[in-house]
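Colleague: I should be grateful for a close look at a single part of this model. Please describe its neighbours and its surroundings, and then set it within the chain as a whole.

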Amino acid sequence: MEWYVVLLIVISSLMFIIFTLSLTLHKYICKRSFRSRENEERRARKFYGKEFGDEIVRGMYELDKLPLEDIKINSYDNTELVGHLYKGSSEKIIIYSHGYHSNYRFDFSLGFKEFYDRGYSILFIEQRGHQSSKGRYTTFGLKERYDLQKCIEYVDKRYSGKAKIVLCGISMGAATVLYTLGLKLPKSVVGAICDCGFDKPFNVIRYGVKKRVKICTKFLTELVNLGSIITTGESFKSLDSKDTLKDNKLPVFIIHGTKDSICPIEMGDNNYKYTNGLGIYARVENADHGFGYIVNTELYRKCLKEFLKKANLE
């Protein structure tokens, strides 16, 4: 067999292995997510510990008592999104975007009361690839930003442009909010709240890979990114909150824990730095991912009050 034939076979085999491995890794990281109620409660106690976990479970049951209207919204690519709307006593409304492989019931079981008690209407969105919403994959904010844009348009139209809309997200949902601020939005959007969000999708994936695999971290993350490009047409390198916030004109409330084990504190610092001087920052000492509100509720409420004042909501 000629040498160039052998070389061609070797190159083709390597390309096939890389192609297959990239699709496999992407599918593993970005696959659909569905969590049952029983799973949520076990997860709450495992992730937050018994004391905080029990508090979150009680919050879930309180959230369940809300009279929610189920709504469906077709996104820009006709992906059907499911939302749950609580009608408050005012035309102020907060749109919640949950985190990666999570859901609104888990992520906002405590924080929603801050706005429920103020009479806000509340729209909980199920991100694409999660729970009842359609979509085969999550895209770490790449497509979710356009989903959120469509949800904003739905709310703006439903309230005849008279609503005052606050965007709120946690983890991947927070990043989604930060990326959405770079899109064309109606004037009814008056501010954003971002709890422990990442700056770049590629960075947070690489950080997660590094925690699980100590070698070839960059290479493996590149494979995940290649899988995303092949599968969804989107690159995890194409988004950065630095770019989406460069023309920001809205108050942005950033919450981030200094001990965040999923989105390191540097990401929170970056997001705050990129807000064009319109940021309010609750930098919570010794708080892990998503623990900011629980660890220092007093600081959260102090910063929230400042945010609401800047957004002309109080």
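Modeller: Strand β8 (residues 279-284) runs parallel to β7, and six bridges join the two. I have chosen β7, residues 252-257, as the part to examine; please bear in mind throughout that this is a predicted model.

Two of the bridge positions between these strands can be named. G257 has V284 of β8 as its bridge partner, and H256 stands opposite R283, also in β8. The connection between the two strands involves a helix: β7, helix α10 (residues 265-273) and β8 together form a right-handed β-α-β unit.

β7 has a further partner in strand β6, residues 189-195. Here too the pairing is parallel, and it extends over four bridges. Within it, V252 of β7 has A192 opposite. β7 therefore pairs with β6 as well as with β8, and V252, H256 and G257 can each be assigned a residue across from them.

How much of β7 is buried? Six of its six residues are, and the strand is mostly covered. In a regular strand, side chains alternate between the two faces of the sheet. In β7, V252, I254 and H256 point one way, while F253, I255 and G257 point the other way; the residues of both groups are buried. The neighbouring β8 is also mostly covered, with five of its six residues buried.

One residue of β7 leads directly to the wider interior. F253 is among the residues that touch the most other members of the largest nonpolar core, a group of 41 residues; the others so placed are Y96, F115, F124 and I193. Helix α2, residues 37-64, gives this core its largest share, namely six residues. Apart from this core lies another, of 30 residues, which includes Y159, V177, L181 and L245. In soluble globular proteins, nonpolar side chains tend to be buried together.

The surroundings of F124 show what such a position involves. Leaving aside residues up to four places away in sequence, F124 touches L63, L66, L68, V82, G83, H84, Y96, Y104, F108 and F112. Y96 in that list is itself one of the core residues that touch the most other members.

A helix offers a parallel case of burial. Helix α6 (residues 172-180) is largely enclosed by the rest of the structure, because nine of its nine residues are buried. Among these is V177, which was named above as part of the 30-residue core.

By contrast, N78 is exposed, because its relative accessible area is 62%, over the 50% cut-off. N78 belongs to the loop between β1 (69-74) and β2 (80-86). Its C-alpha atom lies 9.8 Å from that of D147, although 69 residues separate the two along the chain.

Finally, the whole chain. It contains twelve helices and eight strands, and 55% of its 314 residues count as buried. Of the contacts with a separation of 6 or more, 75% are between residues 24 or more positions apart. The chain exposes about 15100 Å², of which carbon and sulfur atoms supply 54%. Its C-alpha atoms fill a box of roughly 80 × 40 × 40 Å along the principal axes. The radius of gyration is 20 Å, which agrees with the value near 20 Å for a compact globule of 314 residues.

How values were computed:
Residues numbered from 1 in each chain as written. Predicted model: local features only at pLDDT ≥ 70, side-chain atom pairs only at ≥ 80, totals over all residues. Heavy atoms only, no water. Core = buried A, V, L, I, M, F, W, Y, C linked by side-chain atoms within 4.5 Å. Buried < 20%, exposed > 50% of the residue type's maximum accessible area, 1.4 Å probe, protein only. Contact = heavy atoms within 4.5 Å. Pairing = 2+ DSSP bridges. Right-handed = clockwise from strand over helix to strand, strands pointing away. Rg over C-alpha atoms; globule rule 2.2 N^0.38 Å. Areas by Shrake-Rupley, 256 points an atom, 1.4 Å probe, with all protein chains shown as cover.
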